[in-house]
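Me: I'd like to go through this one with you and ask what stands behind each label. Could you show it first?

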Amino acid sequence: KAEPQACAVDASRRQDNWEREIALVEKQEMEIHQSQLRLFREHMLTCIRDLATVQQELAMLRTGSAQRLNELQQALEESNGRQRHCWEEVQWLHARVASHTELLRDRETQSTLWEQ
């Protein structure tokens, strides 16, 4: 039979082993937790950088869209100006043709009167 003193030493040794194991597990848990926090921070920083990049690209798109809209509005105004000018020329030509037509009628009338 085992002596009580040997059993006590064996129990003490087992308790020491358990305490070392528990301390090791606690240390590993802390390291894992710290690694998880570091990875989480790195992921958050990456997300923040990506968001900043997307915001910059969106701002550039907005600026480009606004510039393109201004260019289109300017082109439309120029086109409307040319169209207005062409319409004025058509009206002027129409008035000239009407004037010449009336002049020709008057001359025909005078010519007819003189022939009589």
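Reply: Sure. One yardstick before we start: under 20% relative accessible area a residue is buried, over 50% it is exposed, and anything in between is partly exposed. Bear in mind that this is a predicted model.

Me: Why is Arg-38 called partly exposed?

Reply: Its relative accessible area is 42%. Buried needs a value under 20% and exposed a value over 50%, so Arg-38 at 42% counts as partly exposed.

Me: And what makes Arg-38 and Glu-42 a salt bridge?

Reply: The rule asks for a side-chain nitrogen of Lys or Arg within 4 Å of a carboxyl oxygen of Asp or Glu. Glu-42 and Arg-38 have an N to O distance of 3.8 Å, so the pair passes. Both residues lie in helix 1, four residues apart, about one turn of the helix. Glu-42 is partly exposed too, with a relative accessible area of 41%.

Me: How many salt bridges does that rule give?

Reply: The count comes to three. Asp-10 pairs with Arg-14, with the closest N and O atoms 3.1 Å apart, and Glu-71 pairs with Arg-68 at 3.3 Å, N to O. With a cut-off of 4 Å, both pairs therefore qualify.

Me: Where do those two pairs sit along the chain?

Reply: Asp-10 and Arg-14 are both in helix 1, four residues apart. Glu-71 and Arg-68 are in helix 1 as well, three residues apart. Either spacing is about one turn of the helix.

Me: Are Asp-10 and Arg-14 buried, exposed or partly exposed, and how do you know?

Reply: Asp-10 has 34% relative accessibility and Arg-14 has 46%. Those values fall between 20% and 50%, so both residues are partly exposed. Glu-71 gets that label at 45%, and Arg-68 also comes out at 45%.

Me: What makes Ile-48 exposed, then?

Reply: Its relative accessible area is 52%. The label needs a value over 50%, so Ile-48 qualifies as exposed. Ile-48 lies in helix 1, which covers residues 4–115.

Me: Which nonpolar surface patch does Ile-48 belong to?

Reply: A patch of about 390 Å², made by Phe-40, Met-44, Leu-45 and Ile-48. To join a patch, a residue needs over 30% relative accessible area and no salt bridge; Ile-48 clears the area part because its value is 52%.

Me: How do you know that the protein isn't a compact globule?

Reply: Start with the fold: one helix and zero strands. The radius of gyration is 49 Å, well over the 13 Å that the globule rule gives for 116 residues, so the protein is more spread out than a compact globule. The C-alpha atoms fill a box of roughly 165 × 20 × 5 Å along the principal axes. Ser-12 and Thr-109, 97 residues apart along the chain, have C-alpha atoms separated by 142 Å.

Me: What share of the residues is buried?

Reply: Buried residues make up 0% of the 116. Ser-12, in helix 1, has a relative accessible area of 35%, so it is partly exposed. The protein exposes about 11300 Å², and carbon and sulfur atoms supply 58% of that.

Me: What about the charges? How many of each sign are there?

Reply: There are 15 positive and 20 negative side chains. The centres of the two sets lie 5 Å apart.

Notes:
Residues are numbered from 1 along each chain as its sequence is written. This is a predicted model: local features need pLDDT of at least 70, side-chain atom pairs count only at pLDDT 80 or more; totals for chains, interfaces and linings use all residues. Side-chain values use heavy atoms; hydrogens and water are left out. Patches are made of residues with over 30% relative accessible area and no salt bridge: like charges are joined within 9 Å, nonpolar side chains (Val, Leu, Ile, Met, Phe, Trp, Tyr) within 5 Å. Accessible areas come from the Shrake-Rupley method with a 1.4 Å probe; for residues, only the protein chains shown count as cover. Buried means under 20% relative accessible area, exposed over 50%, partly exposed in between (1.4 Å probe, protein chains only). The radius of gyration is taken over C-alpha atoms; the globule rule is 2.2 Å times the number of residues to the power 0.38. Lys and Arg count as positive and Asp and Glu as negative; His and the chain ends are not counted. The place of a charge is taken as NZ of Lys, CZ of Arg, CG of Asp or CD of Glu.
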